[in-house]
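This report covers confidence, the contact between two chains, salt bridges and one helix. The structure comes first and the description follows.

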Amino acid sequence: MMRWIREHKLISSLLLVIIVTFSLLVTSIASAGSGNLVTRGINSVVSFFVKPVANVGGTVSDNVNGIFSYRSIMAENNKLKEENAKLKKQVVNLTLADNQLKELQELSKALNYTAETPEREIVSADVVAMSGTDWTNIFTINCGTEKGIKTGDAVIAGEGLVGRIIDAGKGWAKVVTLVDQNSSVSFKLKGNLEMIGIANEVEDGKMKGFMLDSSIKLENGEQLITSGMGMFPSGIDVGTITKSKYDKDSHLLTVLIKPAVDFKSLQKVSVIL
Amino acid sequence: MKLSKILLISLGFFFLQILMGKFLPSAMPIPNLILCFVIVGAFVEDDPWAWVLAAGIFGLIRDLFISMNVGLGTGALIAAVASMLLLKKFINSEHMLSSIVCAIVGSFVYIFTFWLLSKAVMGAYGISDVMKFFVLQVWMHIVLAFGIYYFLSRNRIIQRRNDRYRYYR
């Protein structure tokens with residue numbers, strides 16, 4: 001047998017790769033997408049080489065895009081200046097509220113009061129690689145367990161909820177987005193916080209779900225936020241309703257939701273620890 | 001082509017794949033460079049095992065780094081390369097236009113195998129989403145396969161001797 005292996009090195013190597021792949025597939029299925037020590041170690045090594053390449057690509061892409069999108073950047077700059085001026089006015093009011101907050105914190109400390117929802121830390125990360133070669137919606141970021149990121153953490157972007165962490169290691173983490181068929185999210189209406197629904201399917205890049213109360217009337221354009229039930233913290237923008245229809249077969253009010261985030265052009269995300 | 005050269009070029013394509021995600025418009029799918037390289041290589045070259053091995057190794061690395069379940073992309077890539085070995089028996093591998101057939105068949109086998117395996121493992125994805133993705137991506141693979149075929153076939157050309165009068169002096 002050893003002689004056969006020596007004489008057929010390529011085929012032996014291929015058989016080895018197939019056996020390793022099959023065993024990793026079995027462990028991957030058993031752990032529902034989370035990796036083991038071997039896969040995380042390999043990913044850490046690959047991530048070490050991929051990160052500089054992704055950084056270079058990101059820098060070049062930003063500079064090139066900056067040259068070609070000069071007008072839109074100028075318009076966005078003017079809009080941000082106006083927003084900044086408004087925020088500066090708000091800061092003055094918040095300073096007064098900050099003093100009141102400090103008094104409240106001192107009072108709660110004196111009374112030994114523990115808040116139900118502790119403050120969460122946020123870690124920023126860059127998108128390093130996307131699964132753009134197939135229809136799954138998974139990407140890899142350049143931060144991992146060294147920053148405290150773990151499986152199940154929520155991932156957000158400036159516009160809203162992106163998805164959740166499915167696997168993390170040193171220097172990397174994999175994120176599955178809301179528009180992947182394996183994702184689901186519980187939401188409520190921003191205008192009526194008692195109305196709760198669940199989005200558990202994807203159709204043409206939009207999320208599809210249903211409302212728990214089928215008798216309510218919905219309007220297109222209504223904004224949705226996370227309900228806090230499940231793995232995502234409450235109050236994060238999910239998207240807007242584009243279509244709602246009562247399904248006679250399932251007796252449910254189904255909704256089609258346009259996500260708040262543009263998943264294809266994600267470059268930077270934040271992870272809520 | 002030697003195995004070391006195949007692995008080196010595949011590694012380059014792996015990094016190029018990552019860069020492409022940064023440069024291509026957000027609405028476009030990203031072409032699978034490693035898929036195009038290994039299917040055209042297996043189609044053009046006589047010894048296919050090195051190409052199958054490269055497909056297995058880089059499919060595994062890609063699965064580990066980006067996919068949810070390891071092994072789906074690897075299996076699909078190996079199946080696509082294996083389909084090229086079958087295709088060679090039916091069409092002429094020395095004609096450049098055969099690379100178009102190679103790209104279409106290889107892409108279809110890859111996507112269909114990937115979908116079958118993911119359906120068996122996760123049971124989530126519908127065939128209509130898969131086929132829409134295939135239609136958007138295959139034309140990029142055709143262009144790539146054409147270019148890769150051109151460069152790989154140049155290695156196989158036996159250069160005409162220009163010194164034929166040398167022995168008649």
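In which helix is Phe48(A) found? Phe48(A) lies in helix α3 (residues 37-68) of chain A, where helices (H or I, at least four residues) and strands (E, at least two) are DSSP runs numbered from the N terminus. Phe48(A) counts as exposed because its relative accessibility is 60%; buried means under 20% relative accessible area, exposed over 50%, and partly exposed in between (1.4 Å probe, protein chains only). Phe48(A) and Trp172(A) are 124 residues apart in sequence, with their C-alpha atoms 9.0 Å apart in space.

The model is predicted: local features need pLDDT of at least 70 and side-chain atom pairs count only at pLDDT 80 or more, while totals for chains, interfaces and linings use all residues. Residues are numbered from 1 along each chain as its sequence is written, chains are lettered from A and ligands numbered from 1 in the order in which they are written, and side-chain values use heavy atoms, with hydrogens and water left out.

**Confidence.** The average pLDDT of chain A is 81, and 90% of the residues score at least 70; pLDDT is the predictor's confidence in each residue, from 0 to 100. Among the elements of chain A, the lowest mean pLDDT (72) belongs to helix α4 (residues 70-110) and the highest (92) to strand β3 (residues 154-156).

**Chains A and B.** In chain A, 49 residues are in contact (heavy atoms within 4.5 Å) with 48 residues of chain B. The count of salt bridges between chain A and chain B is 0. The elements of chain A that give two or more residues to the side touching chain B are α2 (9-30), α3, β1 (122-130), β2 (138-141) and β5 (172-177). The largest share of that side, 13 residues, comes from α3(A).

**Salt bridges.** Over all chains there are 6 salt bridges (a side-chain nitrogen of Lys or Arg within 4 Å of a carboxyl oxygen of Asp or Glu). Three of them are tabulated.

| Pair | Closest N to O distance |
|---|---|
| Asp167(A) and Arg40(A) | 3.0 Å |
| Lys150(A) and Asp153(A) | 3.1 Å |
| Glu203(A) and Lys208(A) | 3.3 Å |

Asp167(A), in strand β4 (residues 161-169), and Arg40(A), in helix α3 of chain A, are 127 residues apart, and the pair links distant parts of the chain. Asp167(A) is buried at 1% relative accessibility, whereas Arg40(A) is partly exposed at 29%.

**Helix α2 of chain B.** Of the 12 residues of α2(B), 12 are buried, including Phe37(B) and Phe43(B).
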